Amino acid sequence: MLLGRLPVDEQVETLRATLARNEILVELLGRAAKLDLPGWYLTAGCVIQTVWNVVTGRPPAEGIKDYDLFYFDDTDLGWDAENEVIQTGERAFADLPALVEIRNEARVHLWYEDHFGVPCTPYTSTEAAIDSFAATTCCLGIRLENDDKWRVYAPHGLADVFNLVVRPNPVLAPRGVYESKTRRWREQWPGLTILPWP
């Protein structure tokens, strides 16, 4: 049976078991929980690409460029506050063989238009930021709660992730962002079904 056809509760358990095969991701989750950042998630490529690797029989961490750790703190939108968190994270993850990108999603609207050419309305939460990723397949975040329970945020479900389907999400990111990402992904995971930008 295709994993994407499992009942939703079984998909969540399968996601956890699949991600647990990536030792870097699991270690990063544990250390990120200790940072206790507001509204944090490990999200996007590192999560879905671990699944793609496992589903296609590759080493779980193969080809993962970076690990995105997002949080939401709108009490201080200055760069210095975010940079302090980034530096704390660099120390916490220094010995891991991975690049960890830490970003305060409350600040994204301050730089998004300069970087991507389109304005971004201020986000109200990390979940709102995840909702705006260029592909619905990437709209996935995980974190450890205080009781070591995994919290999974997946506004578009998990079926496409397990079924290797990449679907555009034209709510914010421009078409070029989606097409650039999907070109790179297709080279690494040729079995992906990449749906065209509408």
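**Exercise 1. Which strands does helix H2 lie across, and at about what angle does H2 run to S4?**

Solution. Keep in mind as you go that you're looking at a predicted model.

Step 1: Find helix H2, residues 23-35.

Step 2: Look at what sits under it. H2 lies across S1 (41-43), S2, S3, S4 and S5.

Step 3: Compare directions. H2 runs at about 65° to S4.

Step 4: Now try helix H3, which also packs on the sheet and touches S1, S2 and S4. The direction of H3 makes about 55° with that of S1.

**Exercise 2. Work out the order of the strands in the sheet, and say which ones stand at the edges.**

Solution. A bit of background first: strands of a sheet pair through backbone hydrogen bonds, either parallel or antiparallel.

Step 1: Walk across the sheet. The 5 strands come in the order S3-S2-S1-S4-S5, and the sheet is open.

Step 2: Check the ends. S3 and S5 each have a single partner strand, so one side of each is left without a neighbour in the sheet.

Step 3: Look at the twist. On average, neighbouring strands here are turned by 30° against each other, direction ignored.

Step 4: Test two pairs. S2 and S3 run parallel and are joined by 5 bridges, with tyrosine 67 partnered by valine 100 in S3. S4 (residues 141-144) and S5 (residues 150-153) run antiparallel, joined by 4 bridges. In that pair, glycine 141 stands opposite tyrosine 153 in S5. That fits with the pairing of the sheet being mixed.

Step 5: Follow the chain from S4 to S5. The two strands form a hairpin with 5 residues between them. In the turn, aspartate 148 has a positive phi of about 65°.

**Exercise 3. Describe how helices H1 and H3 cross.**

Solution. Two packed helices are described by the angle between their axes and the distance between the axes.

Step 1: Take the distance. The axes of H1 (residues 8-19) and H3 come within 9 Å.

Step 2: Take the angle, which is roughly 85°. Angles of 65 to 115 degrees count as roughly perpendicular, so that's the word for H1 and H3.

Step 3: List who meets whom. H1 brings Leu15, Thr18 and Leu19, while H3 brings Val47, Thr50, Val51 and Val54.

Step 4: Sort them by class. You should get 5 nonpolar, 2 polar and no charged residues.

**Exercise 4. Find the empty spaces in the model and say what lines them.**

Solution. Rolling a probe the size of a water molecule over the atoms shows where empty space is left.

Step 1: Start with the largest pocket, which holds about 780 Å³ of space. Of its 29 lining residues, Asp68, Phe70, Phe116, Phe133 and Lys181 lie nearest the centre. Helix H5 gives the most to this lining, with 5 residues. Split by class, the lining has 16 nonpolar, 5 polar and 8 charged residues.

Step 2: Move to the second largest pocket, at about 170 Å³. Its lining includes Ile86, Phe93, Leu99 and Arg103. Helix H4 (79-93) and S3 are the elements giving two or more residues here. This time the split is 7 nonpolar, 1 polar and 3 charged.

Step 3: Hunt for cavities. Searching the whole structure turns up 1 cavity of 30 Å³ or more, with a volume of about 30 Å³. Thr136, Thr137, His156, Gly157, Asp160 and Val161 line the cavity. By class, that's 1 nonpolar, 4 polar and 1 charged.

Terms used
Residues numbered from 1 in each chain as written. Predicted model: local features only at pLDDT ≥ 70, side-chain atom pairs only at ≥ 80, totals over all residues. Heavy atoms only, no water. 1 Å grid on protein atoms, 1.4 Å probe; cavity = no way out; pocket = protein on both sides within 12 Å on 5 of 7 lines; lining within 4 Å. Points joined across faces, edges and corners; volume = space filled by probe spheres on them. Nonpolar A, V, L, I, M, F, W, Y, C, P; charged D, E, K, R; others polar. Pairing = 2+ DSSP bridges. Axes fitted to C-alpha atoms, helices over the stretch in contact; angles between N-to-C directions. Contact = heavy atoms within 4.5 Å. Parallel < 35°, antiparallel > 145°, perpendicular 65-115°, else oblique.
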